[in-house]
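Open your viewer and get ready to select residues one group at a time. Each stop tells you what to pick and what is there.

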Protein chains: 2
Amino acid sequence: MDQLLQSVTIRINEKIFIKDPESSDLGKRIIEESINMIGRMGFESFTFKKLGTQIGSNESSVYRYFENKHKLLLYLTSWYWGWLEYQLVFFTNNIADPKQKLEKAIRIVTKTTEEDSEFSHINEILLNKIVINEYSKSYLTKEVDTENKEGYFVIYKRLVNRMSSMIKEVNEAYEYPLSLASTVLEGSLHQHFLKDHFTSLTDCRENVDPTEYFTQLVFSALTSNIND
Amino acid sequence: MDQLLQSVTIRINEKIFIKDPESSDLGKRIIEESINMIGRMGFESFTFKKLGTQIGSNESSVYRYFENKHKLLLYLTSWYWGWLEYQLVFFTNNIADPKQKLEKAIRIVTKTTEEDSEFSHINEILLNKIVINEYSKSYLTKEVDTENKEGYFVIYKRLVNRMSSMIKEVNEAYEYPLSLASTVLEGSLHQHFLKDHFTSLTDCRENVDPTEYFTQLVFSALTSNIND
DNA sequence: ATATTATGATAGTATTACTATTATTTTTAT
DNA sequence: ATAAAAATAATAGTAATACTATCATAATAT
């Protein structure tokens, strides 16, 4: 990623925050440091009090940006999916062949984030780890339906839909484009997690990325003739 | 499921509990009522104090069975996976043809639990809902590696391995049997969740079970010639 | 120079997630 | 049948969490 990205901002649903963290220095420190802290200690041990101390500020000041840490997690993960969506669109835009396009798309959404684009104060490598470890917690709640209606998951949903469209462009007769798209996105996070913690449950490892597995899986499904 | 099951017990790692809940009436009420309560109010709102009140007992008594609610969740989910494993083995045991066997296996692990087997005080329908909504939380923690070493996830791991073996029996050249097995198990929970809360992200719905989707997906992957 | 807004400091509350102690009831062993 | 042991219940207490509320101070905008 390069210069271009420096002028791009990821637009997050305004209901997720009280005050836009991008609008001030303190806000940016909140985002920056919360990524470090959640990455280091995990979401459950992370608190606004600890964050306040860490950024040389105050618990009460953090509360002026986010209602609670759940909303902050929604903010961080939305940002991540927005960033991925941007890459997906940018790098597949010029590809005419649907197969090549889909292949590129799968590569983008399943790869390990290995470089920090430096286009913001956000550490994408760490954020990728956070998404792997914590994303499910943002929607596996009793409030999902309300929060979904409020539009807290729009970016992720848009991403799944973009993948689904690319799948359909390869084979419009395929019956499960949405399920396949959501399986690739969610499954990729899961395979990355297994690679790090349950090596006996995955074939992915150092140098065998989930990318290859999912690419083969998707193209098999789309070019299969088992239902003929 | 029938009579036979009444004599089967699912063996849970003894480190997960302090006192075996199967060993007393109070223990069984703890399990039974915790399933109702977690199902109703979600894992985060559930507390041992509320559980104590509900079963006409005491917070401190619950603590004599489980160290904390995380361990209780591990117990419940282990039980569920053990129960699924039992069905998997039981109903595939007599099938000689590897394809038919795998097909049956996929059906068992991806179907919606629709009947309470009555072979225990455990409500399997509700427990299935709990697994869909809460299972990820049991391993997406900072303590996974330690708890994995303690053997808290053995049953689940055994289940993935059984699925993986069945996959290999259909196509021993297939490169990702473990990833495919873990994708089916985890992905099935995810598709069920989407069906209930994010209908725009899945093709599964009333009468279109994840079963069909995953069956097609797995057999496409195994009979694919895209790498030839 | 003053009003406005942002931030910081402090205090307070209800709830959670426990631990510890003691009392009471139930079970079991003799 | 009785004593000892084990299980359960009741009560109290603690540190931490997840906030809310209030007031003071600093930065900025007009």
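Start at DNA strand C of this predicted model. Show the 17 residues around DNA strand C. A:Ser57, A:Arg64, A:Tyr65, B:Glu59 and B:Asn68 come nearest. Now look at the DNA side: of the atoms of DNA strand C that come within 4 Å of the protein, 56% belong to sugar and phosphate.

Colour the surface near DNA strand C by residue type. You get 3 nonpolar, 8 polar and 6 charged residues.

Next, zoom in on single side chains. Pick A:Ser57: an N or O atom of its side chain is 2.3 Å from a phosphate oxygen of DNA strand C. Move to A:Ser60. Its side chain has an N or O atom 3.5 Å from a base nitrogen of DNA strand C. Then select B:Glu59, where an N or O atom of the side chain is 3.3 Å from a base nitrogen of DNA strand C. Which elements give two or more residues to this surface? They are helix H3 (59-63) of chain A and helix H3 (59-62) of chain B.

Leave the DNA and go to the largest nonpolar core, with 144 residues. A:Trp81 and B:Trp81 touch the most other members. Select A:Trp81 and look for its contacts further along the sequence: among them are A:Val131, A:Tyr135, A:Ile155 and A:Leu189.

Keep A:Trp81 selected. Ring pairs link A:Trp81 into a cluster that includes A:Trp79, A:Tyr156, B:Phe193 and B:Phe198.

Aromatic pairs number 38 over all chains. For one of them, select B:Tyr213 and B:Phe214: the ring centres are 4.7 Å apart and the planes are at 55°, so the pair is tilted. Both B:Tyr213 and B:Phe214 are buried.

Key:
Residues are numbered from 1 along each chain as its sequence is written. Chains are lettered from A and ligands numbered from 1 in the order in which they are written. This is a predicted model: local features need pLDDT of at least 70, side-chain atom pairs count only at pLDDT 80 or more; totals for chains, interfaces and linings use all residues. Side-chain values use heavy atoms; hydrogens and water are left out. A nonpolar core is a set of buried Ala, Val, Leu, Ile, Met, Phe, Trp, Tyr and Cys residues joined through side-chain atoms within 4.5 Å. Buried means under 20% relative accessible area, exposed over 50%, partly exposed in between (1.4 Å probe, protein chains only). Contact means heavy atoms within 4.5 Å. A residue is near a molecule or strand if one of its heavy atoms lies within 4 Å of it. A polar contact is a pair of N or O atoms within 3.5 Å; within protein, one must be able to donate a hydrogen and the other to accept it, and residues adjacent in sequence count only if both atoms are side-chain atoms. Helices (H or I, at least four residues) and strands (E, at least two) are DSSP runs, numbered from the N terminus. Ala, Val, Leu, Ile, Met, Phe, Trp, Tyr, Cys and Pro count as nonpolar, Asp, Glu, Lys and Arg as charged, and the others, Gly among them, as polar. Rings of Phe, Tyr and Trp (its six-membered ring) pair if their centres lie within 6.5 Å; planes under 30 degrees apart count as stacked, over 60 as edge-to-face and the rest as tilted. Lists of a residue's contacts leave out its neighbours within four places in sequence.
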